[in-house]
Amino acid sequence: MATKKVTVTIPEDLLEEIRADAAERGLSAYVSEALRFKRDRDRLLELVDWLQEEHGPVTEDERAAVLDELSDLDAEHERRRASGRHNAGEAA
């Protein structure tokens, strides 16, 4: 992958923290990963905005149903981990 050197300004205290966290990977890899994460998050927020414009906001009932389903999935995954079943092809 091609790269390009750029100059950015970062507060000193933040830079010190990042350098400590990024020691093994290196500062460039850490910053690239953070920028990709931010870009992906921004794209997801754009999608959420578009979906809400098209279909309206998520209701509390819909939100509760999704949280219940996620809880059920988490419990199933934990059950499988505990039983030693790790087959990625199995349905959750």
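The largest pocket of this predicted model is lined by 17 residues, and K4, V6, S28, V31 and S32 lie nearest its centre. A pocket here is an open set of points on a 1 Å grid over the protein atoms alone, where a 1.4 Å probe fits and protein lies on both sides within 12 Å along at least five of seven lines; a lining residue has an atom within 4 Å of a point. The space in the largest pocket comes to about 530 Å³, a volume being the space filled by probe spheres set on the points, with grid points joined across faces, edges and corners. Two elements give two or more residues each to the lining of the largest pocket, namely helix 1 (12-21) and helix 2 (27-55). Helix 2 provides the largest share, six residues. By type, the lining holds nine nonpolar, four polar and four charged residues. In this scheme Ala, Val, Leu, Ile, Met, Phe, Trp, Tyr, Cys and Pro are nonpolar, Asp, Glu, Lys and Arg are charged, and the others, Gly among them, are polar.

Stepping back to the whole chain, three helices and zero strands make up the secondary structure, giving the pattern α-α-α along the sequence. Helices (H or I, at least four residues) and strands (E, at least two) are DSSP runs, numbered from the N terminus. The chain has a radius of gyration of 20 Å, whereas a compact globule of 92 residues would have one near 12 Å. That radius is taken over C-alpha atoms, and the globule rule is 2.2 Å times the number of residues to the power 0.38. Along the principal axes, the C-alpha atoms fill a box of roughly 45 × 45 × 30 Å.

What of the surface? Of the 92 residues in the chain, 5% are buried, where buried means under 20% relative accessible area, exposed over 50%, and partly exposed in between (1.4 Å probe, protein chains only). The accessible surface amounts to about 8600 Å², and carbon and sulfur atoms account for 54% of that area. Accessible areas come from the Shrake-Rupley method with a 1.4 Å probe, and for residues only the protein chains shown count as cover. One exposed residue is K5, at 81% relative accessibility, in the segment before helix 1. K5 and D72 are 67 residues apart in sequence, and their C-alpha atoms are 46 Å apart in space.

Charged side chains come next. Side chains of opposite charge can pair when their charged atoms come close. Seven salt bridges are found in the whole structure, each defined as a side-chain nitrogen of Lys or Arg within 4 Å of a carboxyl oxygen of Asp or Glu. One of them joins E33 to R25, with the closest N and O atoms 2.6 Å apart. E33 is partly exposed, at 47% relative accessible area, and R25 is also partly exposed, at 43%.

Within helix 2, K38 and D42 lie four residues apart, about one turn of the helix. Their salt bridge has its closest N and O atoms 2.7 Å apart. K38 is partly exposed with a relative accessible area of 47%, while D42 is partly exposed at 29%.

Helix 3 (residues 60-83) holds E60 and R63, three residues apart and so separated by about one helical turn. These two form a salt bridge with the closest N and O atoms 3.6 Å apart. E60 counts as exposed at 57% relative accessibility, whereas R63 is partly exposed at 41%. In addition, E76, R79 and R80 are linked in a network of salt bridges.

A few notes on reading these values follow. Residues are numbered from 1 along each chain as its sequence is written, and side-chain values use heavy atoms, with hydrogens and water left out. In this predicted model, local features need pLDDT of at least 70 and side-chain atom pairs count only at pLDDT 80 or more, while totals for chains, interfaces and linings use all residues.
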